[in-house]
There are 2 protein chains.
Amino acid sequence: MRDVYSAVADPTRRRLLHLLADADELPLHEMTARFRVGRTAVTKHLAVLKEAGLVIDRKAGRETRYHLNAAPLREIQEWVSFYERFWTERIDHLKVLLEEENL
Amino acid sequence: MRDVYSAVADPTRRRLLHLLADADELPLHEMTARFRVGRTAVTKHLAVLKEAGLVIDRKAGRETRYHLNAAPLREIQEWVSFYERFWTERIDHLKVLLEEENL
DNA sequence: TTGACAGGACACCGTTTGGTGTCTTATTCT
DNA sequence: AGAATAAGACACCAAACGGTGTCCTGTCAA
């Protein structure tokens with residue numbers, strides 16, 4: 001099983017997730033058509049996403065269809081939400097208030 | 001400048017960010033002490049974080065002190081929040097409701 | 001002033017990554 | 001039945017990555 005952070009680190013893989021977000025289910029060749037890179041490369045990216053649990057694939061005739069599974073992204077959301085307080089501008093005001101309180 | 005997603009993809013770099021979140025400012029040697037890897041490796045990781053704008057460094061005497069700058073993480077938060085609706089269980093109920101409405 | 005400490009700057013190395021091309025198999029269409 | 005399409009399975013490659021060790025230069029303290 002693969003780390004969800006590194007799965008999402010690649011821009012091509014993020015684009016793949018976005019395509020799947022709009023389409024519910026897509027066959028490999030249809031996705032490949034929207035990229036400059038070849039089929040083999042796209043297959044590899046989808047394999048990485050699958051290892052991270054971000055996509056589910058099933059065979060339908062001669063094509064392999066992929067489906068989004070966003071659940072593992074929760075880990076990233078929770079992780080990043082921890083840092084939320086650091087970019088809120090209110091933090092500066094709070095700092096001042098706390099300093100005043102300590103005096 | 002470096003992609004914030006790939007900057008955060010490495011677990012060691014995420015740990016570095018967490019250390020800085022607790023400490024406001026830390027010199028290199030103090031961070032190195034908390035890792036198994038050597039100083040050179042830690043320096044490289046901090047360089048990556050700096051390229052992504054996630055840390056700010058300044059020289060103080062013979063030590064280099066690092067400070068967290070979480071702002072670039074907003075991009076990740078916004079990106080991941082787009083997928084939030086996919087893991088909310090209410091989405092299933094909404095789907096059913098929309099289907100009923102279309103009939 | 002001499003030694004210890006902090007860290008920049010390299011050179012180096014094995015592994016992973018993102019990509020290619022080719023061959024083969026299974027499925028669909030005519 | 002025969003052609004075309006979809007995709008798995010390899011082998012291969014250059015570049016990036018994460019790490020090391022070594023050398024050199026400032027800076028602080030005895």
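These are my notebook entries on a predicted model with chains A and B and DNA strand C.

**Entry 1: where the chains touch**

I began with the contact between the two chains. I found 16 residues of chain A in contact with 16 residues of chain B. Next I asked which elements of chain A supply that side. Helices α1 (4-9), α5 (73-81) and α6 (84-87) of chain A each supply at least two residues. α5(A) gives the most, with five residues. I then sorted the side of chain A that touches chain B by class. I noted 13 nonpolar residues, two polar and one charged.

**Entry 2: helix α4 of chain A**

I turned to α4 (residues 39-51) of chain A, which has 13 residues. From its first C-alpha to its last it reaches 18 Å, close to the 18 Å expected at 1.5 Å a residue.

Which residues of α4(A) are buried? I listed A:Val42, A:His45, A:Leu46, A:Val48 and A:Leu49. They cover an arc of only 155° around the axis, so they sit on the same side of α4(A). The helical repeat is worth recalling here: an α-helix has 3.6 residues a turn, so residues three or four places apart point the same way.

I also looked up what covers the buried residues of α4(A). The cover includes α1, α2 (11-23), α3 (28-32), β2 (55-60) and β3 (63-68) of chain A. Just after α4(A), I noted that A:Gly53 takes a positive phi of about 75°.

**Entry 3: the surface near DNA strand C**

I stayed with α4(A) and moved to the DNA. α4(A) gives the most to the surface near strand C, with four residues. Which elements supply at least two residues of this surface each? They are α4 of chain A, together with α3 (28-32), α4 and β3 (63-68) of chain B.

There are 19 residues around DNA strand C. Of these, A:Gly38, A:Gly61, B:Leu28, B:His29 and B:Glu63 come nearest. By class, I recorded four nonpolar, 10 polar and five charged residues on the surface near DNA strand C.

**Entry 4: the sheet of chain B**

I traced the strands of chain B next. They form an open sheet of three strands in the order β1-β3-β2, with antiparallel pairing. The edge strands are β1 (26-27) and β2 of chain B, and each pairs on one side only.

How many bridges join β2(B) to β3(B)? I recorded six, and the two strands run antiparallel. B:Val55 has B:Leu68 in β3(B) as its bridge partner. The hairpin of β2(B) and β3(B) has two residues between the strands. In this hairpin, B:Gly61 takes a positive phi near 65°.

**Entry 5: B:Leu54**

Last, I checked B:Leu54. This residue lies in the loop between α4 (39-51) and β2 (55-60) of chain B. Is B:Leu54 buried or exposed? I call B:Leu54 buried, because 25 other C-beta atoms lie within 10 Å, and the cut-off for buried is 20 or more.

Leaving aside neighbours within four places in sequence, I listed the contacts of B:Leu54. They are B:Val4, B:Ala7, B:Leu17, B:Leu49, B:Asn69 and B:Pro72. I also took one distance, C-alpha to C-alpha. B:Leu54 and B:Phe86 are 29 Å apart in space and 32 residues apart in sequence.

Methods:
Residues are numbered from 1 along each chain as its sequence is written. Chains are lettered from A and ligands numbered from 1 in the order in which they are written. This is a predicted model: local features need pLDDT of at least 70, side-chain atom pairs count only at pLDDT 80 or more; totals for chains, interfaces and linings use all residues. Two residues are in contact if their C-beta atoms, placed from the backbone, lie within 7 Å. Ala, Val, Leu, Ile, Met, Phe, Trp, Tyr, Cys and Pro count as nonpolar, Asp, Glu, Lys and Arg as charged, and the others, Gly among them, as polar. A residue is buried if 20 or more other C-beta atoms lie within 10 Å of its own, exposed if 12 or fewer, and partly exposed in between; C-beta atoms are placed from the backbone. The expected span of a helix is 1.5 Å times one less than its number of residues. The arc is that of the directions from the helix axis to the C-beta atoms. A residue is near a molecule or strand if its C-beta atom, placed from the backbone, lies within 6 Å of it. Two strands pair if DSSP finds at least two bridges between them.
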